[in-house]
Amino acid sequence: MHALMMIGPSQGVDRTEVREIEEPRPGPGEVTIDVVHAGINFLDVMARRGDAGYVGAWPYAPGLEVSGVVREIGPDVTGLAVGQRVAAFTAGGGLGDVVLVRAEFVVPVPDQVPSPVAAAAPLMLTTALLLLEDAARFRPGETVLVHSASGGVGSAVAQLVPALGGGLRIGTVGRPDKVASALKSGYDVAVARSEDLTKAVRAATGGAGVDIVLDPLGTTMIETDLGVTAPGGRIVLFGNAGGGDQAALPPAGRLIGGNLAISGFSISRLWATAPRRAAAGLRRVLDLIADGRLDIAITEVGSLADVPAVHQLLAEGRGDGKYVARLRG
């Protein structure tokens with residue numbers, strides 16, 4: 001079988017290649033999946049850079065979400081059948097013809113959900129849903145600010161807010177030429193981070209501030225986040241896209257005095273430590289799509305060989321929305 005492999009840390013595509021590797025076989029509590037589509041994510045880029053905590057050893061097989069059909073079932077697995085359409089989170093290796101996963105990471109895909117969209121669900125769409133519903137405790141009518149609004153998760157949040165009851169959506173982007181993309185994905189207001197964000201966000205909310213901030217940029221924007229969040233607001237940190245050292249969080253007195261909350265979220269750690277919660281989120285996302293309440297734009301690339309170039313787009317901040325790779329017919 002063929003799989004994408006990263007043979008060592010790099011800032012570019014020079015150490016990523018398609019290799020022939022041995023096909024995995026499932027053990028107890030595991031299944032293998034014939035991958036039809038695989039999601040391409042910024043977490044792949046963080047692994048490629050060699051960011052701490054993303055790669056246990058080189059070479060590394062990237063790919064954290066897939067859709068496809070069950071190929072083989074290991075002992076002690078119930079509720080799944082060979083040939084069944086599924087979506088799954090993977091702990092790596094999703095960008096390959098066949099992937100080995102824990103059975104509890106696998107969710108059946110409704111007939112109404114296309115394979116490319118299903119491949120975006122275990123990581124990206126489930127992240128967006130659980131950020132809003134679980135981490136931020138979103139309530140209908142609240143104002144949501146999202147950094148990196150033109151990326152995959154940002155675009156998904158823009159579509160999910162109306163599906164969950166509606167509210168003002170404000171997005172920030174790293175480059176002025178990406179404002180149009182954020183607006184197209186559904187944001188009511190989009191602002192480049194080169195502008196005075198505090199002033200722009202306050203103006204967009206009539207001075208009231210936002211109820212929720214969803215921030216994948218580590219702690220680099222924390223002062224801005226605090227400056228635009230209304231009393232009772234929630235700031236959720238869910239990544240460290242820049243890859244640098246994290247700064248200390250504000251002292252408790254500042255949060256208490258401002259009636260503010262800061263929390264963290266990691267979908268990969270949730271899958272690893274609370275798979276039932278993550279799987280429940282994935283099922284809900286797939287049901288929203290099947291019911292026609294959530295419609296996500298996907299950019300599909302035609303093969304594994306095309307994936308390194310997409311990784312580079314994401315690394316350079318030039319990506320637009322969600323990308324998936326097609327691995328078979």
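**Notes on helix packing, loops and selected side chains**

1. Ser148 is partly exposed, its relative accessible area being 26%. The model in which this value was computed is a predicted one, and the points below should be read with that in mind. Ser148 sits in the loop that runs between strand S8 (144–147) and helix H4 (152–163). Its backbone deserves a look, since phi is positive at about 55° although Ser148 is not a glycine.

2. A second non-glycine residue with a positive phi is Asn259, for which the angle is near 50°. Asn259 belongs to the loop between helix H8 (252–258) and strand S13 (261–264). At a relative accessibility of 52%, Asn259 counts as exposed, because the limit for that class is over 50%.

3. The peptide bond that joins Trp58 and Pro59 is cis, with an omega of about 0°. Pro59 is located in the loop between helix H1 (42–49) and strand S4 (65–73), which is where a reader checking this bond should look.

4. Helix H3 (residues 121–135) packs against helix H10 (residues 275–290) at an angle of about 100°, and the two axes are 9 Å apart. H3 is therefore roughly perpendicular to H10, since that description covers angles of 65 to 115 degrees. On the H3 side the contact is made by Ala121, Pro122, Leu125, Thr126, Leu129, Leu130, Glu133 and Asp134, while H10 contributes Arg277, Ala278, Gly281, Leu282, Arg284, Val285, Leu286, Leu288 and Ile289. By residue class, the contact of H3 with H10 divides into 11 nonpolar, 2 polar and 4 charged residues.

5. Turning to H10 itself, what separation of the end C-alpha atoms should its 16 residues give? At 1.5 Å a residue the expected span is 22 Å, and the end C-alpha atoms of H10 are 22 Å apart, so the two values agree. The buried residues of H10 are Pro275, Ala278, Ala279, Gly281, Leu282, Val285, Leu286, Leu288, Ile289 and Ala290. Several spacings in that list may be read with the helical repeat in mind: an α-helix has 3.6 residues a turn, so residues three or four places apart point the same way. After H10 comes Gly292, which has a positive phi near 80°.

6. Ala128 is also part of helix H3. Is Ala128 buried or exposed? With a relative accessible area of 0%, Ala128 is buried. Leaving aside residues up to four places away in sequence, Ala128 touches Val153, Ala156, Val157 and Leu160. Of these, Leu160 is 32 residues from Ala128 in sequence, yet their C-alpha atoms are 7.6 Å apart in space.

7. Another pair of helices, H1 and H11 (residues 307–315), have axes that come within 9 Å and cross at roughly 90°, which makes H1 roughly perpendicular to H11. Phe42, Asp44, Val45 and Arg48 of H1 meet Pro308, His311, Gln312, Leu314 and Ala315 of H11. The residues of this contact of H1 with H11 divide into 5 nonpolar, 2 polar and 2 charged.

8. Pro308, one of the H11 residues that meet H1, also figures in a relation with Asp14: the two are 294 residues apart in sequence and 8.9 Å apart in space, C-alpha to C-alpha. Asp14 is placed in the loop between strand S1 (2–6) and strand S2 (16–20), and with a relative accessible area of 59% it is exposed. The side chain of Asp14 makes a polar contact with the side chain of Ser10, at 2.5 Å.

9. Glu142 makes a contrast with Asp14, since Glu142 counts as buried at 7% relative accessibility, whereas Asp14 is exposed. Glu142 is in the loop between H3 and S8. Which polar partner does the side chain of Glu142 have among other side chains? That of Arg234 makes a polar contact with it at 2.7 Å. In addition, a polar atom of the Glu142 side chain lies 2.9 Å from the backbone nitrogen of Arg139. Not counting residues up to four places away in sequence, Glu142 touches Arg137, Gly166, Gly167, Leu168, Asp211, Ile212 and Arg234, so that Arg234 appears both among these contacts and as a side-chain polar partner of this buried residue.

Notes:
Residues are numbered from 1 along each chain as its sequence is written. This is a predicted model: local features need pLDDT of at least 70, side-chain atom pairs count only at pLDDT 80 or more; totals for chains, interfaces and linings use all residues. Side-chain values use heavy atoms; hydrogens and water are left out. Axes are lines fitted to C-alpha atoms, for helices over the stretch in contact, and angles run from 0 to 180 degrees between N-to-C directions. Helices (H or I, at least four residues) and strands (E, at least two) are DSSP runs, numbered from the N terminus. Angles under 35 degrees count as roughly parallel, over 145 as roughly antiparallel, 65 to 115 as roughly perpendicular and the rest as oblique. Contact means heavy atoms within 4.5 Å. Ala, Val, Leu, Ile, Met, Phe, Trp, Tyr, Cys and Pro count as nonpolar, Asp, Glu, Lys and Arg as charged, and the others, Gly among them, as polar. Buried means under 20% relative accessible area, exposed over 50%, partly exposed in between (1.4 Å probe, protein chains only). The expected span of a helix is 1.5 Å times one less than its number of residues. A polar contact is a pair of N or O atoms within 3.5 Å; within protein, one must be able to donate a hydrogen and the other to accept it, and residues adjacent in sequence count only if both atoms are side-chain atoms.
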